[in-house]
Amino acid sequence: MRAPTQQIRFAPLFAVAAVTLMVLSAGGCARQRQTRVQVADSGRGGQLFAKNCLPCHGASPDAARIGPSLVNEGQRRSYAEIVRAIEAPDPPMPKLFPGTLTSQDVADIAAYVKNL
Ligand code: HEC
């Protein structure tokens with residue numbers, strides 16, 4: 001009785017191979033997505049926002065408030081629309097990308113603004 005023993009021994013190996021393939025193909029998709037949009041880090045975005053955006057978009061009444069408050073902006077606009085607002089702003093908002101901000105910075109800030 002050799003065959004049944006071999007089957008039992010190889011069955012878990014197949015399972016491991018199948019799971020490995022699934023993980024690898026999922027990882028491939030994630031990597032593809034990353035090259036298009038980047039994985040955004042809203043914590044880093046918050047720091048960049050404080051430095052580059054808050055002087056104009058601050059929520060406190062005594063702030064300069066050159067621009068509108070962005071609180072609840074994430075309910076009015078999609079993530080992609082926020083990215084577009086930063087990359088191709090309406091005057092008088094300054095164009096900070098590219099130059100001051102990298103595309104990773106824009107992605108991180110947009111992720112932060114989306115949750116304000
Ligand atoms: C020099 C001031 C200034 C700075 C700095 C600035 N903005 Fe603005 N922003 C404005 C003004 C003014 C508007 C309104 C433009 C208009 O009249 O449509 C605006 C509009 C926007 C809007 C669209 C708001 C809406 O609902 O119409 C978004 C989103 C935005 N800014 C995000 C940002 C982010 C994120 C940053 C930082 C990377 C930033 N802004 C930096 C002045 C600024």
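How many residues of the shell around the ligand are nonpolar, how many polar and how many charged? This is the opening task of a set of exercises on a predicted model.

**Exercise 1. The shell around the ligand**

Task: sort the shell around the ligand by class, then name its closest residues and the elements that contribute to it.

Solution. Step 1: By class, the shell around the ligand holds 16 nonpolar, three polar and two charged residues.
Step 2: The ligand is surrounded by 21 residues, and the closest are Cys53, Cys56, Gly67, Ala85 and Met93.
Step 3: Two or more residues of this shell come from each of α3 (54–57), α5 (79–87) and α6 (103–114).

**Exercise 2. The chain as a whole**

Task: state how many helices and strands the protein chain has, and what share of its residues is buried.

Solution. Step 1: There are six helices and zero strands in the protein chain.
Step 2: Read from the N terminus, the order of elements is therefore written α-α-α-α-α-α, each being a DSSP run numbered from that end.
Step 3: The protein chain has 116 residues, of which 17% count as buried.
Step 4: Among contacts in the protein chain with a separation of 6 or more, 71% join residues 24 or more positions apart.

**Exercise 3. The largest nonpolar core**

Task: find which elements supply the largest nonpolar core, and which residues have the most contacts inside it.

Solution. Step 1: The largest nonpolar core has 15 residues, and Ile109, Ala110 and Val113 are those with the most contacts inside it.
Step 2: The elements giving two or more residues to this core are α2 (42–52), α5 and α6.
Step 3: The largest share of the core, seven residues, is from α6.
Step 4: Take Val113 as an example: leaving aside neighbours within four places in sequence, Val113 is in contact with Phe49, Leu70, Glu73, Gly74 and Ile82.
Step 5: As general background, nonpolar side chains tend to be buried together in soluble globular proteins.

**Exercise 4. Two helices that pack**

Task: decide whether α2 and α6 are roughly parallel or roughly perpendicular, and name the residues that meet.

Solution. Step 1: The axes of α2 and α6 are 7 Å apart, and the two helices pack at an angle of about 95 degrees.
Step 2: Angles of 65 to 115 degrees count as roughly perpendicular.
Step 3: α2 and α6 are therefore roughly perpendicular to each other.
Step 4: From α2, the residues Ser42, Arg44, Gly45, Gly46, Leu48 and Phe49 meet Asp105, Asp108, Ile109, Ala111, Tyr112 and Val113 from α6.
Step 5: By class, the residues of this contact are six nonpolar, three polar and three charged.

**Exercise 5. Buried or exposed?**

Task: classify Gly45, Gln104 and Pro68 as buried, partly exposed or exposed.

Solution. Step 1: The cut-offs are 20 or more other C-beta atoms within 10 Å for buried, 12 or fewer for exposed, and partly exposed in between.
Step 2: Gly45 is in helix α2. Gly45 is buried because 23 other C-beta atoms lie within 10 Å. Not counting residues up to four places away in sequence, Gly45 touches Ala40, Asp108, Ile109, Ala111 and Tyr112. The C-alpha atoms of Gly45 and Ala107 are 7.8 Å apart in space, although these residues are 62 residues apart in sequence.
Step 3: Gln104 is in helix α6. Gln104 counts as partly exposed because it has 15 C-beta neighbours inside 10 Å. C-alpha to C-alpha, Gln104 and Asp41 are 8.8 Å apart, with their positions 63 residues apart in sequence.
Step 4: Pro68 lies in the loop between α3 and α4 (73–76). With 10 C-beta neighbours inside 10 Å, Pro68 therefore counts as exposed. Pro68 and Gly58 are 10 residues apart along the chain, and their C-alpha atoms are separated by 8.2 Å.

**Exercise 6. Backbone details**

Task: say which peptide bonds leading to Pro92 and Pro98 are cis, and describe the phi of Asn72.

Solution. Step 1: For background, most residues other than glycine have a negative phi, and most peptide bonds are trans.
Step 2: The Pro91 to Pro92 peptide bond is cis, with omega near 10 degrees. Pro92 is in the loop between α5 and α6.
Step 3: The Phe97 to Pro98 peptide bond is cis, with omega near -10 degrees. Pro98 is also in the loop between α5 and α6.
Step 4: Asn72 is not a glycine, yet has a positive phi of about 70 degrees. Asn72 is in the loop between α3 and α4. Asn72 counts as exposed because it has 9 C-beta neighbours inside 10 Å.

Technical notes:
Residues are numbered from 1 along each chain as its sequence is written. This is a predicted model: local features need pLDDT of at least 70, side-chain atom pairs count only at pLDDT 80 or more; totals for chains, interfaces and linings use all residues. A residue is near a molecule or strand if its C-beta atom, placed from the backbone, lies within 6 Å of it. Helices (H or I, at least four residues) and strands (E, at least two) are DSSP runs, numbered from the N terminus. Ala, Val, Leu, Ile, Met, Phe, Trp, Tyr, Cys and Pro count as nonpolar, Asp, Glu, Lys and Arg as charged, and the others, Gly among them, as polar. A nonpolar core is a set of buried Ala, Val, Leu, Ile, Met, Phe, Trp, Tyr and Cys residues joined through C-beta atoms within 7 Å. Two residues are in contact if their C-beta atoms, placed from the backbone, lie within 7 Å. Axes are lines fitted to C-alpha atoms, for helices over the stretch in contact, and angles run from 0 to 180 degrees between N-to-C directions. Angles under 35 degrees count as roughly parallel, over 145 as roughly antiparallel, 65 to 115 as roughly perpendicular and the rest as oblique.
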